[in-house]
Amino acid sequence: MTMIKAIFFVPFLILIFFGSRRVASAGDQNALAASFVFGDSLVDAGNNNYLQTLSRANSPPNGIDFKPSRGNPTGRFTNGRTIADIVGEKLGQPNYAVPYLAPNAKGETLLNGVNYASGGGGILNATGSVFVNRLGMDIQVDYFSITRKQFDKLLGEDKARDYIKKSLFSIVIGSNDFLNNYLVPFVAAQARLTQTPEAFVEDMISHLRDQLKRLYALDARKFVVGNVAPVGCIPYQKSINQLKDKQCVDLANKLALQYNARLKDLLMVELKDSLKDAHFVYANVYDLVMDLIVNYKEYGFTTSSEACCGTDGRLAGILPCGPTSSLCADRSKHVFWDPYHPSEAANLIIADKLLNGDSKYVTPFNLYHLRDL
């Protein structure tokens with residue numbers, strides 16, 4: 001969920017190794033072996049730091065609450081941990097999945113898992129072209145195929161296959177296919193004249209189907225796939241459409257719901273029937289985030305319409321969080337960190353419901369159950 005991110009340069013090195021957390025070994029008895037993360041800026045752990053791209057979060061105050069880096073930015077598009085970071089921790093991962101493009105993404109470090117997510121990336125290859133460079137889902141799967149061969153060398157083919165089958169594959173992608181493709185003002189206007197929303201959604205599903213099958217062919221068996229959040233209600237959309245606090249952009253949310261319905265059918269019916277030894281969990285991020293937006297006071301937040309880190313004046317709600325942005329007094333009281341991404345406080349609530357929740361938010365079972373299968 002990103003729009004154009006200005007490139008900022010910081011006077012310190014990005015911290016990519018956190019020595020306080022040990023590296024897993026193949027002999028560990030954790031039910032979860034490794035965590036492999038695919039997606040966009042919602043779960044990017046720093047891959048875009050290594051790309052010439054307009055979609056970056058490598059400047060303060062991003063990461064201000066990320067304790068392993070002592071508050072320095074790591075490339076995460078939030079003030080602290082992403083949902084993927086939190087889920088990995090709770091499921092017993094001894095270290096965060098390393099960004100694929102990071103220099104230390106090699107050797108035994110890979111046994112904790114790898115993060116391939118990229119701010120601006122989408123299911124479709126054309127998505128996010130406004131950022132110049134980003135890793136789309138096809139490229140992310142290509143990179144996993146390289147990692148997969150590295151596991152054979154690390155563990156031997158038989159142990160590697162078993163290890164991958166015990167690992168968790170998290171996919172959080174799709175928002176940019178709407179925000180930075182089909183709904184881009186002016187740029188995509190012609191495309192919308194020639195491709196109906198239904199056809200565009202089917203194109204997304206067709207590509208994702210192939211991507212999930214490619215991962216399956218590389219021995220992935222435990223999948224959690226997030227649907228698209230109510231992107232019409234994020235601060236960015238409210239700002240550019242000059243909406244009031246409780247209003248949302250209907251078209252953006254309608255597209256998300258259309259896609260979400262098709263995604264659920266793909267996972268819970270089609271792939272469940274055709275890939276019988278795989279487990280697919282459908283994460284209902286749309287309803288999770290909408291619940292936070294509508295009932296924010298019940299969760300202890302003071303606002304769900306204003307970002308903690310943002311810009312005042314004419315460009316309020318549009319520019320990304322950076323060194324010149326204003327910062328709220330209490331980051332734990334905001335659902336949104338910047339105009340596009342949840343705060344760590346919101347991510348903690350979302351992650352908890354994915355880990356422990358019922359079928360309203362996670363189907364057919366929660367992530368603790370998935371880990372232990």
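# Exercises on burial, salt bridges and cavities

S170 counts as buried, because its relative accessibility of 11% falls under the 20% cut-off. The exercises below concern a predicted model.

**Exercise 1.** State in which element S170 lies and which residues S170 touches, not counting residues up to four places away in sequence.

*Solution.*
1. S170 belongs to strand β4.
2. Leaving out residues up to four places away in sequence, the contacts of S170 are F36, V37, F38 and V224.
3. The strand that holds S170, β4 (168-172), is also among the elements that cover the buried residues of α1.

**Exercise 2.** Determine what confidence the predictor assigns to the protein, and where the pLDDT is below 50.

*Solution.*
1. The average pLDDT of the protein is 90, and 88% of the residues score at least 70.
2. Residues 2-30 have a pLDDT below 50, although this stretch has 88 contacts in the model beyond near neighbours in sequence.
3. Where pLDDT is low, predicted coordinates should not be read in detail.

**Exercise 3.** Decide whether helix α1 is largely enclosed or open, and identify what covers its buried residues.

*Solution.*
1. Helix α1 spans residues 83-90, and 6 of its 8 residues are buried, so the rest of the structure largely encloses this helix.
2. The buried residues of α1 are I83, A84, D85, I86, V87 and G88.
3. Their cover includes the strands β1 (35-39) and β4 (168-172), together with the helices α10 (344-356) and α11 (367-372).
4. Just after α1, G92 adopts a positive phi of about 100 degrees.
5. Helix α4 (residues 175-182) can be treated in the same manner: 8 of its 8 residues are buried. These are S175, N176, D177, F178, L179, N180, N181 and Y182.

**Exercise 4.** Trace the network of salt bridges that contains R81, and state where its members lie.

*Solution.*
1. Side chains of opposite charge can pair when their charged atoms come close.
2. The side chain of E89 meets that of R81 in a salt bridge, at 3.0 Å from N to O. E89 is partly exposed, because its relative accessibility is 23%.
3. The side chain of E344 also meets that of R81 in a salt bridge, at 2.9 Å from N to O. This pair links distant parts of the chain: E344 is in helix α10 and R81 in the loop between β1 and α1, 263 residues apart.
4. E344 is buried, because its relative accessible area is 13%.
5. R81, E89 and E344 are therefore linked in a network of salt bridges.
6. The structure holds 13 salt bridges.

**Exercise 5.** Where do D158 and R161 lie, and is D158 buried or exposed?

*Solution.*
1. D158 and R161 are both in helix α3 (residues 157-166), 3 residues apart, about one turn of the helix.
2. In an α-helix there are 3.6 residues a turn, so residues three or four places apart point the same way.
3. D158 and R161 form a salt bridge whose closest N and O atoms are 3.3 Å apart.
4. D158 is exposed, because its relative accessible area is 55%. R161 is partly exposed, because its value is 30%.

**Exercise 6.** Describe the lining of the largest cavity by residue, by element and by chemical class.

*Solution.*
1. The structure holds 7 cavities of 30 Å³ or more, and the largest cavity has a volume of about 250 Å³.
2. Its lining consists of 24 residues, of which V43, I83, V172, V285 and L354 lie nearest the centre.
3. The elements α1, β4, β5 (222-226), α9 (285-294) and α10 each give two or more residues to this lining.
4. By class, the lining of the largest cavity has 20 nonpolar residues, 4 polar ones and no charged ones.

**Exercise 7.** Locate the cis peptide bonds from P60 to P61 and from T363 to P364, and the positive phi values of R70 and Q242.

*Solution.*
1. The P60 to P61 bond is cis, with omega near 10 degrees, and P61 lies in the loop between β1 and α1.
2. The T363 to P364 bond is cis, with omega near 5 degrees, and P364 lies in the loop between β9 (362-363) and α11.
3. R70, a residue other than glycine, has a positive phi near 60 degrees. R70 lies in the loop between β1 and α1 and is exposed, with a relative accessible area of 77%.
4. Q242, also not a glycine, has a positive phi of about 55 degrees. Q242 lies in the loop between α7 (235-240) and α8 (250-274) and is exposed, with a relative accessible area of 71%.

Methods
Residues are numbered from 1 along each chain as its sequence is written. This is a predicted model: local features need pLDDT of at least 70, side-chain atom pairs count only at pLDDT 80 or more; totals for chains, interfaces and linings use all residues. Side-chain values use heavy atoms; hydrogens and water are left out. pLDDT is the predictor's confidence in each residue, from 0 to 100. Contact means heavy atoms within 4.5 Å. Buried means under 20% relative accessible area, exposed over 50%, partly exposed in between (1.4 Å probe, protein chains only). A salt bridge is a side-chain nitrogen of Lys or Arg within 4 Å of a carboxyl oxygen of Asp or Glu. On a 1 Å grid over the protein atoms alone, a cavity is a set of points where a 1.4 Å probe fits but cannot get out, and a pocket is an open set with protein on both sides within 12 Å along at least five of seven lines; lining residues have an atom within 4 Å of a point. Grid points are joined across faces, edges and corners, and a volume is the space filled by probe spheres set on the points. Ala, Val, Leu, Ile, Met, Phe, Trp, Tyr, Cys and Pro count as nonpolar, Asp, Glu, Lys and Arg as charged, and the others, Gly among them, as polar.
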